[in-house]
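The following paragraphs go through one protein model, from its overall surface to a single residue.

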Amino acid sequence: MTTTPERIDSAMLHPELRVECDPDAIIRDGHRLDHAEGTSKPLLPAPEPQPRGAKVRGNRPIDQQEAAARFIAATEHEKMHDERLWDLRQKRDRAMHGIPEWEELRSLASAIKEHTLTHLDEYLGQFEANARSNGIHVHWARDAAEHNKIVHGILRDHGATSLIKSKSMLTEECGFRHYMASVGIEVIETDLGERIQQLDNEDPSHVVVPAVHKLRTDVAEVFSHTIGTDPGNTDVHYLAEAQREATRPLILKADAGMTGANFVVAETGTFVVCTNEGNADLSANVPKLHIASIGIEKIIPRLEHLAVLVRLLSRSALGSPMTQYTSHFRGPRAGGEMHVVLVDNGRLGLDEFWTSLKCIRCGACMNTCPVYRRSGGLSYGATYSGPIGLIIDPTFNARKYSNLPFASSLNGSCTNVCPVKINIHEQIYAWRRVLVKQHEVPLAKKAAMKAAGALLSQPAAYRAAIAAADTALAHLPRFVIYNGLNAWGKHREVPHPPEQTFHSWYRANRGVKQ
Ligand code: SF4
């Protein structure tokens with residue numbers, strides 16, 4: 001048995017009362033004095049407060065670096081987040097190695113999505129016709145405002161005042177919960193992670209695991225304020241069960257249910273929802289009214305294409321062969337009503353970034369991204385975070401999200417893991433060029449890039465500058481390098497200069513004149 005500091009404390013403070021079989025136990029007159037043991041134990045340190053996300057101030061550019069620095073400073077959160085997501089990445093790798101035809105699947109998936117996206121009108125029309133003949137009401141929404149109004153109209157027509165819903169990034173994109181609150185409709189999230197985020201008044205920080213940035217202590221605190229759990233009890237089973245008990249009655253009495261969709265099949269007029277908690281099935285099946293909000297890019301031509309994409313989705317997301325629930329919805333159940341709202345919200349205007357619409361929201365690019373893993377999804381201050389978010393977010397608002405494409409090392413790991421072969425890091429780089437052209441990059445950064453460009457195009461000047469920088473880094477006091485003028489060094493450490501540069505090594509060892 002190991003000797004912990006707690007055991008030493010209690011033994012030293014009450015040596016005469018120590019019980020042999022349990023060194024922590026303190027017995028007097030045959031009774032165990034739990035309170036005395038408690039006083040002998042050092043108090044547990046207070047849990048680390050949860051770092052909050054980026055400050056959002058209207059249309060002003062989101063300062064992702066500032067929020068990331070706060071996340072990194074919360075060392076327990078940063079370590080847990082990094083490890084948890086890297087674990088998902090490793091599980092994904094193991095799952096991938098179990099499928100010899102993995103690369104073939106990726107190419108197929110990419111081809112299916114590209115073909116569909118270049119024939120959107122044809123397949124969406126086919127879906128609409130087939131869905132209508134299945135008894136589904138089909139609506140079209142140009143943007144977020146139109147989507148919210150359509151859903152509100154359906155709910156109003158049915159006299160519905162409460163709605164249970166499963167996780168949907170599209171509804172986050174549309175600011176749906178806030179809109180529903182403004183028109184007096186109660187929305188209850190049924191996905192556990194999403195419910196945690198709703199109760200904490202925060203957006204999801206990850207497309208698959210929305211509360212992945214939270215420690216158990218954070219969840220215990222949120223639940224203690226909102227559903228009255230014991231704030232000191234951080235047991236995951238206790239917390240999950242408490243949430244289940246609190247939410248089930250709301251689910252049973254809700255007037256309507258809402259889901260998103262992972263895939264929409266044109267040839268059958270059906271849609272498919274993949275979850276691991278079965279919560280989408282509750283949202284869809286408990287109330288008689290089912291509304292599905294779906295981005296137009298979710299369409300695929302045929303059921304056989306679904307097999308390719310489903311095999312890739314869960315393996316890429318969580319490293320599991322498939323999601324616990326893969327539910328196909330074909331039409332309303334007896335006595336019920338089903339509505340599908342197909343939403344554009346800027347998807348048709350993506351121009352050179354259109355292939356980002358191939359995304360199946362598996363989150364693999366986030367799990368592998370060194371910047372995302374260490375800065376947390378909420379540091380992006382946007383609906384979509386991580387590598388794919390750097391492409392999608394500026395399409396909504398280039399000014400507000402102008403800093404995001406720079407929150408990447410462009411190492412390409414995101415592109416390598418993407419199951420539908422989106423050239424993510426190249427698109428991030430392309431966004432940087434677009435933002436410079438649109439004058440959405442700060443003047444100081446622009447000037448620095450221009451100077452760097454000039455330097456890099458002249459080898460002699462570049463080598464002289466490197467030598468000077470190495471000498472400066474080795475000898476100058478820290479405050480000279482890290483001061484207010486060095487914006488780059490505000491959130492980063494400059495690496496130690498090597499003893500020898502490649503050029504000097506090459507000259508010394510190969511004797512070739514440079
Ligand atoms: S971009 Fe690719 S890796 Fe990232 S979430 Fe979408 S499908 Fe997954």
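How much accessible surface does the protein have, and what share of it belongs to carbon and sulfur atoms? In this predicted model, the accessible surface comes to about 25,500 Å², and carbon and sulfur atoms hold 56% of it. The C-alpha trace spans about 85 × 80 × 50 Å along its principal axes.

The protein has 514 residues, of which 49% are buried. Its secondary structure consists of 23 helices and 13 strands. Among contacts with a separation of 6 or more, 71% are between residues 24 or more positions apart. The protein carries 59 positive and 59 negative charges, and the mean positions of the two sets are 7 Å apart.

One of the helices is α4, which covers residues 75–97. From first to last C-alpha, the 23 residues of α4 reach 33 Å, close to the 33 Å expected at 1.5 Å a residue. The buried residues of α4 include the hydrophobic-lettered entries Met80, Leu85, Leu88, Ala95 and Met96. Also buried in α4 are His77, Glu78, His81, Asp82, Arg89, Arg92 and Asp93.

His77 lies in helix α4. Why does His77 count as buried? Its relative accessibility is 0%, and buried means under 20%, so His77 falls in that class. Leaving aside residues up to four places away in sequence, His77 touches Glu48, Pro49, Gln50, Pro51 and Phe71, as well as His213, Leu215 and Asp218. Gly376 is 299 residues from His77 along the chain, yet their C-alpha atoms are separated by 8.9 Å.

Note on methods
Residues numbered from 1 in each chain as written. Predicted model: local features only at pLDDT ≥ 70, side-chain atom pairs only at ≥ 80, totals over all residues. Heavy atoms only, no water. Helix = DSSP H or I, 4+ residues; strand = E, 2+ residues; numbered from the N terminus. Buried < 20%, exposed > 50% of the residue type's maximum accessible area, 1.4 Å probe, protein only. Contact = heavy atoms within 4.5 Å. Areas by Shrake-Rupley, 256 points an atom, 1.4 Å probe, with all protein chains shown as cover. Lys, Arg positive; Asp, Glu negative; His and termini not counted. Charge placed at Lys NZ, Arg CZ, Asp CG, Glu CD. Expected span 1.5 Å × (residues − 1).
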